[in-house]
Number of protein chains: 2
Amino acid sequence: MGTEERDEVEYDVFSRYCPSRSTLEHVTGRWGTLTLGALETGPLRFNALLRRVDGVSQKMLAQTLLALERDGFVDRENLSTAGLHVEYRLTRLGRDTAAQLLLLTGLLESRMPEVLAAQLRYDEARTGP
Amino acid sequence: MGTEERDEVEYDVFSRYCPSRSTLEHVTGRWGTLTLGALETGPLRFNALLRRVDGVSQKMLAQTLLALERDGFVDRENLSTAGLHVEYRLTRLGRDTAAQLLLLTGLLESRMPEVLAAQLRYDEARTGP
DNA sequence: CAGCATCCTTATCGATACTG
DNA sequence: CAGTATCGATAAGGATGCTG
């Protein structure tokens with residue numbers, strides 16, 4: 001064992017034209033993180049996502065889902081019997097990514113008191129010195 | 001037992017007006033992730049960051065750093081002796097956050113083959129059925 | 001229900017020039 | 001060096017109406 005060749009670092013998000021850069025932007029973009037996070041607890045329909053991701057518009061949600069589906073994070077499943085019924089579910093890759101994202105959002109939520117304190121300090125240092 | 005009150009989920013990124021939402025956007029925004037990631041290995045000067053975060057403009061970098069400093073992720077240190085010398089370094093909060101972000105970018109980089117394969121499948125299913 | 005098409009407004013961005 | 005200021009182009013975003 002140990003003879004299989006290791007993957008070299010082929011991709012680098014810090015490089016402008018690396019394909020991983022645009023994928024990073026889809027995932028961490030304004031609605032990407034929240035959409036993936038919302039799907040982490042299970043498949044959801046379009047309108048359910050629309051409600052869950054507070055503030056997103058139909059247009060942006062559709063656009064976000066399209067990019068995430070194309071990148072292989074989300075599967076779109078058409079369950080039409082009568083009327084339209086479409087479900088979005090995470091792929092394996094999507095689940096792994098969403099798990100990471102939820103760790104991040106959880107971290108941020110839990111540290112918001114620090115953030116708010118920093119903002120206060122920052123603003124005060126500049127308005128009433 | 002169980003009588004101490006648990007921290008309720010006070011902050012929720014899924015809620016439109018929760019302050020954590022804008023902080024999430026600063027951190028995961030187009031340049032936030034890369035800027036924090038770049039600083040994870042140690043303090044850097046403005047122009048060094050400009051080079052490291054490939055593709056960012058002066059304007060966007062300045063804006064990003066300002067938001068991250070205000071939110072308490074980055075400290076700006078003025079080391080002027082002769083000429084200007086400013087260093088940016090992560091705070092404790094910034095380090096914790098950057099660590100999470102690097103796990104995410106690392107995950108994405110390592111799974112890019114999956115992503116590219118998915119993109120190919122997606123595009124082919126729509127151009128030549 | 002799950003979208004796409006359209007229009008229109010706003011925000012983002014990049015390039016350039018300038019400053020202490 | 002480390003930015004700020006300004007401008008014009010482009011993209012993101014919201015609102016509305018329409019369709020299978």
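**Figure 1. Residues around DNA strand C in the predicted model.** DNA strand C has 16 residues around it, a residue being near a strand if one of its heavy atoms lies within 4 Å of it. Arg45(A), Arg76(A), Tyr88(A), Lys59(B) and Leu84(B) come nearest. Of the strand C atoms within 4 Å of the protein, 63% belong to sugar or phosphate, and bases make up the rest. The surface near DNA strand C has 7 nonpolar, 4 polar and 5 charged residues. In this scheme Ala, Val, Leu, Ile, Met, Phe, Trp, Tyr, Cys and Pro count as nonpolar, Asp, Glu, Lys and Arg as charged, and the others, Gly among them, as polar. This is a predicted model in which local features need pLDDT of at least 70 and side-chain atom pairs count only at pLDDT 80 or more, while totals for chains, interfaces and linings use all residues. Residues are numbered from 1 along each chain as its sequence is written, chains are lettered from A and ligands numbered from 1 in the order in which they are written, and side-chain values use heavy atoms, with hydrogens and water left out.

**Figure 2. Phosphate contacts of chain A on DNA strand C.** A side-chain N or O atom of Arg45(A) is 2.7 Å from a phosphate oxygen of the strand. For Arg76(A), the distance from a side-chain N or O atom to a phosphate oxygen is also 2.7 Å. Val86(A) uses its backbone: a polar atom there lies 3.5 Å from a phosphate oxygen. Helix H3 (46–52), H4 and strand E3 (86–90) of chain A, together with H4 of chain B, each give two or more residues to the surface near DNA strand C. Helices (H or I, at least four residues) and strands (E, at least two) are DSSP runs, numbered from the N terminus.

**Figure 3. The surroundings of DNA strand D.** Here 15 residues surround the strand. The closest are Lys59(A), Leu84(A), Arg45(B), Arg76(B) and Tyr88(B). Sugar and phosphate make up 64% of the strand D atoms within 4 Å of the protein. Helix H4 (58–70) of chain A supplies at least two residues of this surface, as do helix H3 (46–52), helix H4 (58–70) and strand E3 (86–90) of chain B. H4(B) gives the largest share, 3 residues. By class, the surface holds 7 nonpolar, 3 polar and 5 charged residues.

**Figure 4. Chain B side chains on DNA strand D.** Tyr88(B) places a polar side-chain atom 2.3 Å from a phosphate oxygen. Arg45(B) has a side-chain N or O atom 2.6 Å from a phosphate oxygen. Gln58(B) goes to a base: a polar atom of its side chain lies 3.2 Å from a base nitrogen.

**Figure 5. The interface of chain A and chain B.** The contact (heavy atoms within 4.5 Å) takes 51 residues from chain A and 50 residues from chain B. The two chains bury about 5,000 Å² between them, 64% of it on carbon and sulfur atoms. Buried area is the accessible area (1.4 Å probe) that two parts lose on being put together, summed over both. There are 17 residue pairs in polar contact between the chains, both residues at pLDDT 80 or more. A polar contact is a pair of N or O atoms within 3.5 Å; within protein, one must be able to donate a hydrogen and the other to accept it, and residues adjacent in sequence count only if both atoms are side-chain atoms. On the side of chain A that touches chain B, two or more residues come from each of helix H1 (19–28), helix H2 (32–39), H4, helix H5 (92–110) and helix H6 (112–127). H5(A) gives the most, with 12 residues. This side has 23 nonpolar, 12 polar and 16 charged residues.

**Figure 6. Salt bridges between the chains.** The interface of chain A and chain B has 6 salt bridges, and the structure holds 14 over all chains. A salt bridge is a side-chain nitrogen of Lys or Arg within 4 Å of a carboxyl oxygen of Asp or Glu. Arg70(A) pairs with Asp123(B) at 2.5 Å, N to O. This pair runs from helix H4 of chain A to helix H6 (residues 112–127) of chain B. Asp123(A) and Arg70(B) also form a salt bridge, at 2.5 Å, N to O.

**Figure 7. Arg126(B) in helix H6 of chain B.** The side chain of Arg126(B) reaches the backbone oxygen of Tyr122(B) at 2.9 Å. The C-alpha atoms of Arg126(B) and Asp71(B) are separated by 44 Å, with their positions 55 residues apart along the chain.
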